[in-house]
Amino acid sequence: MLKRNYFQNLIKYFGLIILIVILLQIDLISVKDQILKTNLFFFSLTLTLNIPHLFIKSYRWNLLLKQQNINYTPVKSFLVYMSSLYIGFVTPGRFGEFIKTFYLKSDKKISFSKGFSSVLVDRLFDLYLLIILGFIGIWHFDILGTLSEIFLVLTIIILFTPLIMLNKQLMGKLLKLLYNLVVIKKVKGKIEDSFEEFYGGLNQLISPRLLVSGLFTCLGYFIFFIQCYLIVMAMGLSVNFFTITLFMSISNLISFIPISISGIGTRDATLIFLFSLIKLSPELAVSYAFLVFITFFVTGGLLGAVAWWIRPLELHELQN
């Protein structure tokens, strides 16, 4: 058991090990000089866009809650959403996502199982879009050679996967597997309610109104990709909007693999490889990855800390 726990902890911090290896092999002086040359106007604009970007994502979650007849004001859902970012930033394993369920239980007396249904669907919107764009990127840049063509086919198939939701029996089996693998392991016994209650909450979300949430997902990510391109402009790189959109989609998709905290290390390694496809140096890739980390994780975490200060959860609310 001790060996298993040691291995699991090592996997969590594998990204940090990757980062250390990368930093030992590149010219850190060049990285420092590149970061210091960053255009502050473009970078400041990038940071400012965090507010509309994150508000749109929180409003999407707010719409999902309304479908379950859970009334949260847009401002309150924004504070809760930002607080979850803060907790996710300071804890490994994306635990921050589950903080939303604690808020729902505290504020609206909603069970953890039902609360998690909206959190899961909210997260799946992001994953779904990233899978589509990431797979297009793998195909477009021919990353896996002849296997890259398969990803174009997979993209087309994935576009139609929402139709699975119409088959409640199959959907129930898939979600029960996900529920057992993800929920129980992540929250470690906090969610004790039945799967049926979770699936009941999910059924309230399965309606054409999900298309509206999908549109907000596209809008939120459009702003995100504009931010990514503004970092390109701030660094003076010769990378177009389409290319950096696909690069960041692939990078963010890989960050879902639970081998790092906030994508540290894995993001750098992925961008080093992707930047090499367009003849840009590892130093530029690491510099870009650092500015991405500052923009979306450090700044997002600080905004989340303010939201947590405004609306914290008491310790007893997490324990009960």
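Trainee: How many disulfides does a search of the whole structure find?
Mentor: Zero disulfides turn up when the whole structure is searched. Keep in mind that this is a predicted model.

Trainee: What about Cys-218, how accessible is that one?
Mentor: Cys-218 is partly exposed, with a relative accessible area of 43%.

Trainee: And Cys-228, buried or exposed?
Mentor: Cys-228 is buried, at 0% relative accessibility. Cys-228 is also one of the residues in contact with Ile-244.

Trainee: Which others does Ile-244 touch, leaving aside neighbours within four places in sequence?
Mentor: Besides Cys-228, Ile-244 is in contact with Tyr-229, Val-232, Val-239, Phe-275 and Tyr-288.

Trainee: OK, the largest nonpolar core. Which residues touch the most other members?
Mentor: That core has 40 residues, and the ones touching the most other members are Leu-237, Ile-244, Met-248, Leu-271, Phe-275 and Tyr-288. At least two residues each come from H2, helix H8 (112-140), helix H12 (210-235), H13, H14 and H15.

Trainee: What's in the second, separate core?
Mentor: The second core has 20 residues, including Ile-70, Ile-99, Phe-102 and Val-119.

Trainee: Back to H13. Where does Thr-243 lie?
Mentor: Thr-243 lies in helix H13, which covers residues 241-255. Thr-243 counts as buried because its relative accessibility is 10%, and buried means under 20%.

Trainee: Which residues is Thr-243 in contact with, not counting neighbours within four places in sequence?
Mentor: With those neighbours left aside, Thr-243 is in contact with Phe-141 and Ile-278.

Trainee: And how far apart are Thr-243 and Phe-275?
Mentor: They're 32 residues apart in sequence and 10.0 Å apart in space, going C-alpha to C-alpha.

Trainee: Switching to pockets. How much space lies in the second largest pocket?
Mentor: About 220 Å³. Helix H2 (14-25), helix H3 (28-36), helix H14 (266-277) and helix H15 (282-310) are the elements that give two or more residues to its lining.

Trainee: Which helix gives the most to that lining?
Mentor: H15 does, with four residues.

Trainee: Which residues line the second largest pocket, then?
Mentor: Going along the sequence, Leu-19, Leu-23, Leu-28, Val-31 and Ile-35 are among them. The rest of the lining is Ile-264, Arg-267, Asp-268, Val-286, Ala-289, Phe-290 and Phe-293.

Trainee: How many of the lining residues are nonpolar, polar and charged?
Mentor: Ten are nonpolar, none are polar and two are charged. Arg-267 and Asp-268 are the charged residues in that lining.

Key:
Residues numbered from 1 in each chain as written. Predicted model: local features only at pLDDT ≥ 70, side-chain atom pairs only at ≥ 80, totals over all residues. Heavy atoms only, no water. 1 Å grid on protein atoms, 1.4 Å probe; cavity = no way out; pocket = protein on both sides within 12 Å on 5 of 7 lines; lining within 4 Å. Points joined across faces, edges and corners; volume = space filled by probe spheres on them. Disulfide = S-S within 2.5 Å. Buried < 20%, exposed > 50% of the residue type's maximum accessible area, 1.4 Å probe, protein only. Contact = heavy atoms within 4.5 Å. Core = buried A, V, L, I, M, F, W, Y, C linked by side-chain atoms within 4.5 Å.
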